[in-house]
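Me: I should like to learn how to read the features of a structural model. May we go through them one at a time?

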Amino acid sequence: MTLKIGWIGCGTHATQMLLPQLLRHDVAIEALCDVDGARLAQAGRQFGVGKLTSDAKELIGTKGIDAVSMAVGPDQHLMFGKAALDRGLAVFMEKPPAATAEGARELLKASERTKKPLVLGFMKRYSIGNRIAHNVVASGRFGRVLGLTGYYMTAPTYFAGNVDYTGFFLHHCVHYMDLVSYLVSPVRSINARKVEASPGRILFHVGFDFECGAIGTIAMGTIQSRGTPVERIELMGDHQRLEVEDVIEVRWNRNPPFKTDNLGASLDDDVDTLTWKPNFTAAANEDHKGYHALLGDGLKLFRGEASSAPTIKDGVVAMERLEKLRQLLNL
Ligand SMILES: NC(=O)c1ccc[n+]([C@@H]2O[C@H](COP(=O)([O-])OP(=O)(O)OC[C@H]3O[C@@H](n4cnc5c(N)ncnc54)[C@H](O)[C@@H]3O)[C@@H](O)[C@H]2O)c1
């Protein structure tokens, strides 16, 4: 069944990433909404949608739609999300679900009350390298995860003018507040330390104590160019190490013997390092960051099928962690 969708927010992310990937699924975009007339008209032309409005209320009231999706900003996500759920519609929204954990909890209540799913844009779970690491651990072949290290960096100019770091926390850090548990386990407690080079240029190390007993540290900050890779994850086990670089390069180190003193040395399926990275010249399978896969799982949930799409329940957990982190850092 083709799902009929109303879409709010025709900004960069929606028009370049989400809508092109969403339209590969069995959906029809019935109407688009943006307060910026030029962006709205451009998106209408790009995606062949005739019904355009600058009023989100009107979009949510569109007759015949099954779901509302949105990529706008934290305050609008909360307001439009509640309105769409109250109208009995399923919802997909980008992160963050709200500006506060309280807002996320309000959305969870609305989703439970209306019995309509609210899928959240935590696509880091679907970024292919992270996914592979998760699947290797879930297979049991990695053994117990003892440690997680990694970094998630960005540059101070990305949310220019917002030197109070709110944008960095809400739009960036929230991803890893979710991802760490997808890779390891629920978090028991968090600690954090920071150093500030100058206003707007910060580095902090976040420590996680996981319920499974593992320990973790993620370095986060606004002091790296976005022209370089800015994400890395490493899972540590006993004679096992999974490294994910820039979400597309995976190395699984295990327990090989020394090779240089053995002229018969070869590569062994069971102990040598397995590596993977994609072929960027293939004119297909371009979903390395995971938007298509995430949206596909979201649509399954909308149809009432089995799905592991992240929902507002996960959003509440991530937003509560984020608030704890900001408290610890006094930011
Ligand atoms: N998961 C990811 O990888 C990822 C990447 C980028 C952005 N995002 C998220 O997507 C959201 C949008 O980000 P963006 O970079 O596209 O921002 P953007 O500013 O380019 O787009 C937001 C759009 O919403 C419109 N808008 C604002 N208020 C509105 C309202 N009341 N009604 C209708 N439209 C309104 C704006 O005119 C703009 O076109 C943010 O929440 C951001 O965190 C997620």
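Reply: Let us begin with the ligand, bearing in mind that this is a predicted model. The element with the largest share of the shell around the ligand is α1, which supplies three residues.

Me: Which residues come nearest to the ligand?

Reply: The shell has 22 residues, and Gly 9, Gly 11, His 13, Asp 36 and Glu 94 come nearest. By class, the shell around the ligand divides into nine nonpolar, eight polar and five charged residues.

Me: Which residues of helix α1 are buried?

Reply: Helix α1 spans residues 12-22, and its buried residues are Ala 14, Thr 15, Leu 18, Leu 19, Gln 21 and Leu 22. These buried residues pack against β1 (3-8), β2 (27-33), α2 (37-47) and α8 (291-302).

Me: How is a nonpolar core to be read, and which residues have the most contacts inside the largest one?

Reply: In soluble globular proteins, nonpolar side chains tend to be buried together. Here the largest nonpolar core has 90 residues, and Ile 8, Ala 67, Val 68, Val 91 and Cys 173 have the most contacts inside it. Helix α7 (residues 166-183) gives the most to this core, namely ten residues. Because domain 1 (3-121 + 292-310) and domain 2 (127-286) both give residues to the core, it lies between them. As for Ala 67, its contacts beyond the neighbours within four places in sequence are Leu 3, Ile 5, Leu 89, Ala 90, Val 91, Phe 92 and Phe 302.

Me: How far apart are the C-alpha centres of the two domains, and how many residues does the contact take from each?

Reply: The C-alpha centres of domain 1 and domain 2 lie 29 Å apart. The contact takes five residues from domain 1 and five residues from domain 2. On the side of domain 1 that touches domain 2, four residues are nonpolar, none is polar and one is charged.

Me: How should the two faces of a strand be read, for instance in β13?

Reply: In a regular strand the side chains alternate between the two faces of the sheet. In strand β13 (residues 249-253), Val 250 and Trp 252 form the covered face, whereas Glu 249, Arg 251 and Asn 253 form the uncovered one.

Me: With which strands does β13 pair?

Reply: Strand β12 (residues 240-245) pairs with β13 in the antiparallel sense over five bridges, and Val 244 stands opposite Val 250. Strand β14 (residues 274-276) also pairs with β13 in the antiparallel sense, over three bridges; there the bridge partner of Val 250 is Trp 276. The hairpin of β12 and β13 has three residues between the strands, and Asp 246 takes a positive phi near 60 degrees in it.

Me: What should one look for in the backbone angles?

Reply: Most residues other than glycine have a negative phi, and most peptide bonds are trans. In this model, Tyr 165 has a positive phi near 70 degrees, and His 239 has one of about 55 degrees. The peptide bond from Lys 95 to Pro 96 is cis, with omega near -10 degrees; Pro 96 is found in the loop between β5 (90-93) and α5 (101-114).

Me: Are Tyr 165 and His 239 buried or exposed?

Reply: Tyr 165, in the loop between β7 and α7, is buried because 22 other C-beta atoms lie within 10 Å. His 239, in the loop between β11 (231-237) and β12, has 10 C-beta neighbours inside 10 Å and therefore counts as exposed.

Key
Residues are numbered from 1 along each chain as its sequence is written. This is a predicted model: local features need pLDDT of at least 70, side-chain atom pairs count only at pLDDT 80 or more; totals for chains, interfaces and linings use all residues. A nonpolar core is a set of buried Ala, Val, Leu, Ile, Met, Phe, Trp, Tyr and Cys residues joined through C-beta atoms within 7 Å. A residue is buried if 20 or more other C-beta atoms lie within 10 Å of its own, exposed if 12 or fewer, and partly exposed in between; C-beta atoms are placed from the backbone. Helices (H or I, at least four residues) and strands (E, at least two) are DSSP runs, numbered from the N terminus. Domain bounds come from an automatic or database domain assignment. Two residues are in contact if their C-beta atoms, placed from the backbone, lie within 7 Å. A residue is near a molecule or strand if its C-beta atom, placed from the backbone, lies within 6 Å of it. Ala, Val, Leu, Ile, Met, Phe, Trp, Tyr, Cys and Pro count as nonpolar, Asp, Glu, Lys and Arg as charged, and the others, Gly among them, as polar. Two strands pair if DSSP finds at least two bridges between them.
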